[in-house]
Amino acid sequence: MGEIEKMNHTKVTEFIILGFYELPEMQPLLFLVFFIIYLMCLSGNLLIIFTVCSASHLHSPMFFFLSNLSFLEICYVTVTVPKLLAVLIAQNKTISFKQCMMQMYLFLVCADVDIYLLTAMAYDRYFAICKPLHYTIIMNKKVCIILVTVSWTVSFLNPLPHVTLISQSSFCSSNEINHFFCDMTALMSLSCSGTYVIETMTYIEGSLLAFTPLILTIISYVYIISAILKIHSAKGRQKAFSTCSSHLTVVLLFYGTSAGVYMRPKSVYSMDLNKLITVVYITVIPLLNPLIYSLRNKELKETLGKITRRIIFLPELIKCCTHLVATFQH
């Protein structure tokens, strides 16, 4: 009995990330798919940040929040996908205990920032449509910076108790994580310590810090839709709705996949299904967000087009200039 007790409290120094072990023959294909998605996420979101920063007419609250959201999406995929790629192609499935805790912490930070940024963007859209005359006064530069700063600060503090408690748990049954990153739910399933405190804390904080922003977002859109319906002309309604339709689409995607991952009852819980939904949550949404905003926002779409054309023709321009210099030298 003493040996078993000793074994049960052995300190875990590393975990093994199983990834998509159910599909061994598809590992190279999955690597290629996730590698392409990762590159597209990085390039798409970096292009939006560069476009917003370089175009002075896009220096408005809406695009300020959008550039912050794009930066967040880059963080999202960078926290999880590189390790997944290593698992798929190099079969490097091990991750140290500290790295695992750090990955879980950073992922939770990104999830929290996403919630608060989307709420700040809903707040911005509310004043733009419902209080247009006071919009520039209320949503000034200082207010925007405060909203973003508070979002990141609260998000960095919020996951600390969860990660601290999980890091002090005993993992006696196994060190194999049936996921493609250090997911909190997957780690809790490996713990032989009591998880009641962590679960209770998650539900309480989830109610306060996740549902409150959701309710505020819903209230904002109730007022926004009500204001749009009061506009007499169809063209005016269409124009007003186009300014918030991309944000509304992203909100529905985010909360829809989040509910699929974290709000399903235990009776229908499946780790395989959880992994599938999380893939959409972590990789597909950061890929879609630049497309949604660029396709639905005419102003951003036109500016992106101009910058993209410059980037495409830049090598040709450099080649042409080099050729001219060489000609003059001769």
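## Exercises on helix packing, core and pocket

In this predicted model, the buried residues of α7 pack against α4, α8 (184-190) and α9 (196-229).

**Exercise 1.** Determine which residues of helix α7 (residues 160-167) are buried, and how they are arranged about the helix axis.

*Solution.* Step 1: apply the cut-off for burial, under 20% relative accessible area. In α7, His-162, Val-163, Ile-166 and Ser-167 are buried. Step 2: viewed down the axis of α7, these buried residues fall within an arc of 125°, so they line one face of the helix.

**Exercise 2.** Identify the residues with the most contacts inside the largest nonpolar core, and the helix that supplies its largest share.

*Solution.* Step 1: the largest nonpolar core comprises 85 residues, and Phe-15, Met-101, Met-104, Ile-166 and Leu-187 have the most contacts inside it. Step 2: helix α4 (residues 97-130) contributes the largest share of this core, 21 residues. Step 3: take Phe-15 and set aside its neighbours within four places in sequence; its contacts then include Phe-97, Cys-100, Met-101, Phe-171, Leu-187 and Leu-190.

**Exercise 3.** Describe the lining of the second largest pocket by position, element and residue class.

*Solution.* Step 1: the pocket holds about 480 Å³ of space. Its lining has 14 residues, with Lys-239, Ser-242, Thr-243, Asn-297 and Glu-299 nearest the centre. Step 2: two or more lining residues come from each of α3 (61-89), α10 (234-262) and α12 (298-329); α10 gives the most, with 5 residues. Step 3: by class, the lining divides into 4 nonpolar, 5 polar and 5 charged residues.

Note on methods. Residues are numbered from 1 along each chain as its sequence is written. This is a predicted model: local features need pLDDT of at least 70, side-chain atom pairs count only at pLDDT 80 or more; totals for chains, interfaces and linings use all residues. Side-chain values use heavy atoms; hydrogens and water are left out. A nonpolar core is a set of buried Ala, Val, Leu, Ile, Met, Phe, Trp, Tyr and Cys residues joined through side-chain atoms within 4.5 Å. Buried means under 20% relative accessible area, exposed over 50%, partly exposed in between (1.4 Å probe, protein chains only). Helices (H or I, at least four residues) and strands (E, at least two) are DSSP runs, numbered from the N terminus. Contact means heavy atoms within 4.5 Å. On a 1 Å grid over the protein atoms alone, a cavity is a set of points where a 1.4 Å probe fits but cannot get out, and a pocket is an open set with protein on both sides within 12 Å along at least five of seven lines; lining residues have an atom within 4 Å of a point. Grid points are joined across faces, edges and corners, and a volume is the space filled by probe spheres set on the points. Ala, Val, Leu, Ile, Met, Phe, Trp, Tyr, Cys and Pro count as nonpolar, Asp, Glu, Lys and Arg as charged, and the others, Gly among them, as polar. The arc is that of the directions from the helix axis to the C-beta atoms.
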